[in-house]
Structure formats: C-alpha cells, structure tokens
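Visitor: Please take one part of this model and go through it closely. I would like to know what holds it and where the pieces come from.

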Amino acid sequence: MRRLERLAGGVRLREQTIFLSPDTGRTAQVQANSIGIERIFDPRSREADVVAAVAAVLEQELDRQLETCSRQIASAIKQSDLLHRRLCSAMRGKKPLPMAALDQSAASICDAVEDEGFARWLKAIELHHGQTCRHMMNVAGTAVAFGRYLGLPRVDLLLLAQAGLLHDVGKLFIPISVLEKDGPLTEAERAQIACHPERGAKALAREQGVDRQVIEAALCHHEYLDGSGYPNGISGDTISPLVRLLTIVDIFAALTERRAYKEPMTARMAIGHLMQMRDKLDQPLLRAFRGLVLEPVFAVSKAPEPARSVTAEGCLTYRRHPLGEVA
Ligand SMILES: [Fe+2]
Ligand SMILES: [Fe+2]
C-alpha cells in the first residue's frame, strides 16, 4: 500500500487517474480511499463503463479549468461540451438530435463573444480537451465575431453560431482514431472523411426544426466559388452568403488550430494562405475578415459601415450578402 501511495503521486494525479485492480470489493475500495484514490476499476470492466469513467474524469478536469474563466464563457463552453457529447451519441445511435441544447449553446456563444470579446473566447476554448469540440466552438465563435464586425443583427448571429456548431456534424460518425490520427491517412480513411458533408446534411435533414441554411452549411462548407470544391462542385451564385462566410471562417480555424499532425499557423500566415486561394473564396468577405483578425486586439473600431442589405430583421437569414453584393 505504501508503494502504491508513492506511485499514485499528488492529489491531481490521483483524481485524474483510473486505477485498475483485480479486486474491487468493499475492502479494496476502503484501502484505495485511505490513500486518496477515488476510482478503482476491474480491468475486465465493460468498455462502456470505462468510457463513462474517462468522461467523468475529463468533465471534472474541464470544470476545474473553467474556474479561471468568466461565468459567461465558462457556461458557453460547458453548454457546447454537453451539446458535442449529445450530438456524438445521437449521431452514433441514430437518435434525435438535441435541438434545445443547440439553441442554448448558440445563444450562449453569442452572449460570451458579445460580452467578453472574441480574443478571450479563442483563449478559453483552448482549455477543452477534445479537438472536434474545440473546432466547432472555434468556428461558431469566430463566425459570430465576424458577423458582429459586419454589423449583423442577433438573428443572423444565432444562425451563424448554429451553422458553426453543426457544420462538421458528419464527422461525428467517424472514429476519433481516424479524425485525430497523427500520421498520414489511408485511402479508405480519406474517403471516410470526404463523406462528412453529405452524412452531416442527411442527418440534419431528418430532424424537425433545423434551419434550411444550417443544413446547407453542413453540406456546402467545402464548396468553392470556382466550382473546385466538394461534394457537388457547385459554384458562384448557388453558394449562399452564409456558406461563403462560414467557409472562410472554417479554413481559418483549421489553419490556426493545433492538430496531432501539425503546429498551428499564426493569424497572419493563415490570412496569407486564404488570400492565395483567390477565386475560390468571396473576396469582399475575405477582405473584411482580414480586417477583423489582423486588428491587434480584434478591435471593432475599423469595422466597415453596415451595408444596406443589413437590416434588423436579418441579412444572411434572407440569403442577402452582408456587404451588399448580389449573392
Ligand atoms: Fe468540414
Ligand atoms: Fe470544419
């Protein structure tokens, strides 16, 4: 027991470790507790129980990390984390999607970005342990910040947050071992990932109450204006303003995120990369986006004047271009 106590190290290590023991009876449990070990598990436990135990450790750790954030940011991250977990189990078990959790999560991201600022949001989401959940919070928060910069009303910001949260929902069918693989993908794994827009849109279309533009964003966020994107190679005016905006945000987020196989790019390098994509992306939107992310503290002082297409009832909601261009 003394050796075990030494091995178990400090309090945090004990809290964050799942200890395996062939004996998990009451005596073993009391002995474990006496040296500060909370959880002991039989190595022959069911996989689902082990997964639940790991999830509990991660949740506890996330709560601890979020103590350093403002109440608003912590609540938005907790809600997005919950949404992500519910989406995963709904998508894998073909169960209804958690629509109420989606609305709440979108609203709390809008509030957090509005009250605390975009830079704080980006810093706070780093505290989350999951790459897929971080990406959806990143795209949603960045899209909301961009929408605010363009002077869009709340109804559009909520639509952007929902589209950002759900754009990659089709990836939740794919095993984490493929999504977060740190080596080159096989042909079969690449094909699996390439299906995510169609699989996601199909799952969303089965649901009552998902906005049509949110489904469209899931299907079309890898399409390019010059027709060179996927899955359908659509081009130009058939790509809605909301999708154009989200595509820019999604690529920027992917480039500036740390992944198992790459270091993150700086914002300036990522903007350079987007500029090189030329005819693939909406140029007026990209120029405005550059203004947002290259401002030193993401200040809103130099935001463009809202275009005539931006009205209180909504702009993107009515498929109008936020900078007044014809979509
Ligand atoms: Fe995607
Ligand atoms: Fe994405």
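Guide: H222 is buried, with a relative accessible area of 19%, which falls under the 20% limit used for that word. The model is a predicted one, and in it H222 is one of the residues that coordinate the iron ion (ligand 1). The full set of donors to this ion is D168 (OD), H196 (NE2), H221 (NE2) and H222 (NE2), at 2.1 to 2.2 Å. Written along the sequence, their spacing is D-x27-H-x24-H-H. H196 sits in helix 12 (residues 196-205), while H222 is in the loop between helix 13 (212-220) and helix 14 (241-256), so this pair, 26 residues apart, links distant parts of the chain. H196 is also buried, with a relative accessible area of 1%. The angles among the 4 donor atoms run from 87 to 174 degrees, and the site is irregular.

The iron ion (ligand 1) has a neighbour: D168 bridges it and the iron ion (ligand 2), and the two ions lie 3.8 Å apart. Around the iron ion (ligand 2), the protein donors are H135 (NE2), H167 (NE2), D168 (OD) and D250 (OD), 2.2 to 2.3 Å away. Their spacing along the chain reads H-x31-H-D-x81-D. Here the 4 donor atoms subtend angles of 83 to 173 degrees, so this arrangement is irregular. H135 belongs to helix 8 (residues 131-149) and D250 to helix 14, so the pair ties together parts 115 residues apart in sequence. H135 is buried at a relative accessible area of 7%, and D250 is buried at 6%.

Note on methods: Residues are numbered from 1 along each chain as its sequence is written. Chains are lettered from A and ligands numbered from 1 in the order in which they are written. This is a predicted model: local features need pLDDT of at least 70, side-chain atom pairs count only at pLDDT 80 or more; totals for chains, interfaces and linings use all residues. Side-chain values use heavy atoms; hydrogens and water are left out. Donors are N, O and S atoms within 2.8 Å of the metal (3.2 Å for Na, K and Ca); water is not among the atoms, so sites may look incomplete. Four donors count as tetrahedral if all angles lie between 85 and 135 degrees; four count as square planar and six as octahedral if opposite donors are over 155 degrees apart and all others between 65 and 115; anything else is irregular. Helices (H or I, at least four residues) and strands (E, at least two) are DSSP runs, numbered from the N terminus. Buried means under 20% relative accessible area, exposed over 50%, partly exposed in between (1.4 Å probe, protein chains only).
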